[in-house]
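Visitor: I should like to understand how this protein is arranged. May we go through it step by step?

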Amino acid sequence: MLTRIDHIGIACHDLEATVEFYRETYGFTDVHFEVNEEQGVREAMLKINETGDGAAAYIQLITPIREDSTVAKWLAKNGEGVHHIAFGTDGDVQEEADGIAGKGVRVLYEQPRRGSMGSRITFLHPKDCHGVLTELVQKS
Ligand code: CMX
Ligand code: CO
């Protein structure tokens with residue numbers, strides 16, 4: 001089952017400056033930096049809240065580390081802004097993806113890949129989701 005918004009992915013040009021904006025403006029001070037070579041991004045996960053069941057929601061700021069990164073292509077076309085939304089799953093992300101694929105939505109990866117903080121992630125094609133690139137996340 002999809003149980004929550006895990007994060008909103010926002011593409012930006014200057015990661016440090018954008019982190020500073022979220023820190024200064026909203027007081028989101030809990031930040032985790034990571035490089036994901038496979039995804040071609042450097043990212044900052046800013047924690048928004050901590051719910052009673054231990055789940056948290058995040059803002060994921062992403063900036064490309066390579067020119068052929070999908071995020072570099074997206075930024076060149078659209079400029080900075082909301083790039084994707086991510087739903088958290090309470091169980092196996094592949095099972096969730098298989099169920100969604102069975103409804104005719106293209107899942108981008110055959111097997112889940114590594115996401116932030118040891119999570120397992122996969123993506124649904126934006127053209128099958130009314131224009132929204134959608135990620136599924138299983139926490140580690
Ligand atoms: N949101 C909505 N629509 C998008 C989109 C996005 N983020 N990215 C691309 N599209 C649309 C484009 O606008 C384009 O539409 P038109 O044909 O109408 O112009 C169409 O999808 C094809 O786009 P493209 O620029 O040719 O891009 P590609 O097909 O090469 O790649 C996608 C698109 C979704 C397959 C690719 O971005 C992808 O594999 N994404 C998943 C991985 C990812 O985004 N990683 C970064 C985040 C990592 C993380 O969250 O940890
Ligand atoms: Co993401």
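Guide: Let us begin with a pair of residues in this predicted model. In E7, Arg 120 is the bridge partner of Arg 114.

Visitor: How many bridges join E6 to E7?

Guide: The residues Arg 114 and Arg 120 are bridge partners. The strands E6 and E7 run antiparallel, and the number of bridges that join them is two.

Visitor: Which residue in the turn of the hairpin formed by E6 and E7 has a positive phi?

Guide: In this hairpin, five residues lie between E6 and E7. Most residues other than glycine have a negative phi. One residue of the turn has a positive phi of about 55 degrees although it is not a glycine. That residue, in the loop between E6 and E7, is Met 117.

Visitor: Does Met 117 count as buried or exposed?

Guide: A residue is exposed if 12 or fewer other C-beta atoms lie within 10 Å of its own. Met 117 has 12 C-beta neighbours inside 10 Å, and therefore it counts as exposed.

Visitor: Which residue lies in the loop between E7 and E8 and has a positive phi?

Guide: The residue in question has a positive phi of about 50 degrees and is not a glycine. With 7 other C-beta atoms within 10 Å, it is exposed. The residue in this loop between E7 and E8 is His 130.

Visitor: Over how many bridges do strand E7 and strand E8 pair?

Guide: Strands of a sheet pair through backbone hydrogen bonds, either parallel or antiparallel. In E8, Val 137 is the bridge partner of Ile 121, and Thr 134 stands opposite Leu 124. Strand E7 (residues 120–124) and strand E8 (residues 134–138) pair in the antiparallel sense, and the number of bridges is five.

Visitor: How many residues of E7 are buried?

Guide: A residue is buried if 20 or more other C-beta atoms lie within 10 Å of its own. E7 has five residues and is mostly covered; the number buried is four.

Visitor: Which strands stand at the edges of the sheet?

Guide: The open sheet has eight strands with mixed pairing, in the order E2-E3-E4-E1-E5-E8-E7-E6. A strand at an edge has a single partner strand, so one side of it is left without a neighbour in the sheet. The strands in this position are E2 (31–36) and E6 (113–114).

Visitor: At what angle does helix H2 run to E4?

Guide: Helix H2 (residues 70–78) lies across strand E1 (2–11), strand E3 (41–47), strand E4 (58–64) and strand E5 (81–89). Relative to E4, helix H2 runs at about 90 degrees.

Visitor: Which element supplies the largest share of the shell around ligand 1?

Guide: Ligand 1 is surrounded by 20 residues, the closest being Gln 39, Thr 70, Phe 123, Pro 126 and Leu 133. At least two residues of the shell come from each of E4, H2 and E5. The largest share, four residues, is supplied by H2.

Visitor: How many residues of helix H1 are buried?

Guide: Helix H1 (residues 15–26) reaches 16 Å from its first C-alpha to its last, close to the 16 Å expected. Just after H1, Gly 27 takes a positive phi of about 80 degrees. H1 has twelve residues and is hardly covered; the count of buried residues is one.

Visitor: What is the radius of gyration of the protein?

Guide: The secondary structure comes to three helices and eight strands. For 140 residues the globule rule gives 14 Å, and the value for this protein is close to that, so it is as compact as a globular protein of that length. The radius of gyration is 15 Å.

Note on methods
Residues numbered from 1 in each chain as written. Chains lettered and ligands numbered in written order. Predicted model: local features only at pLDDT ≥ 70, side-chain atom pairs only at ≥ 80, totals over all residues. Pairing = 2+ DSSP bridges. Contact = placed C-beta atoms within 7 Å. Axes fitted to C-alpha atoms, helices over the stretch in contact; angles between N-to-C directions. Rg over C-alpha atoms; globule rule 2.2 N^0.38 Å. Expected span 1.5 Å × (residues − 1). Near = placed C-beta within 6 Å.
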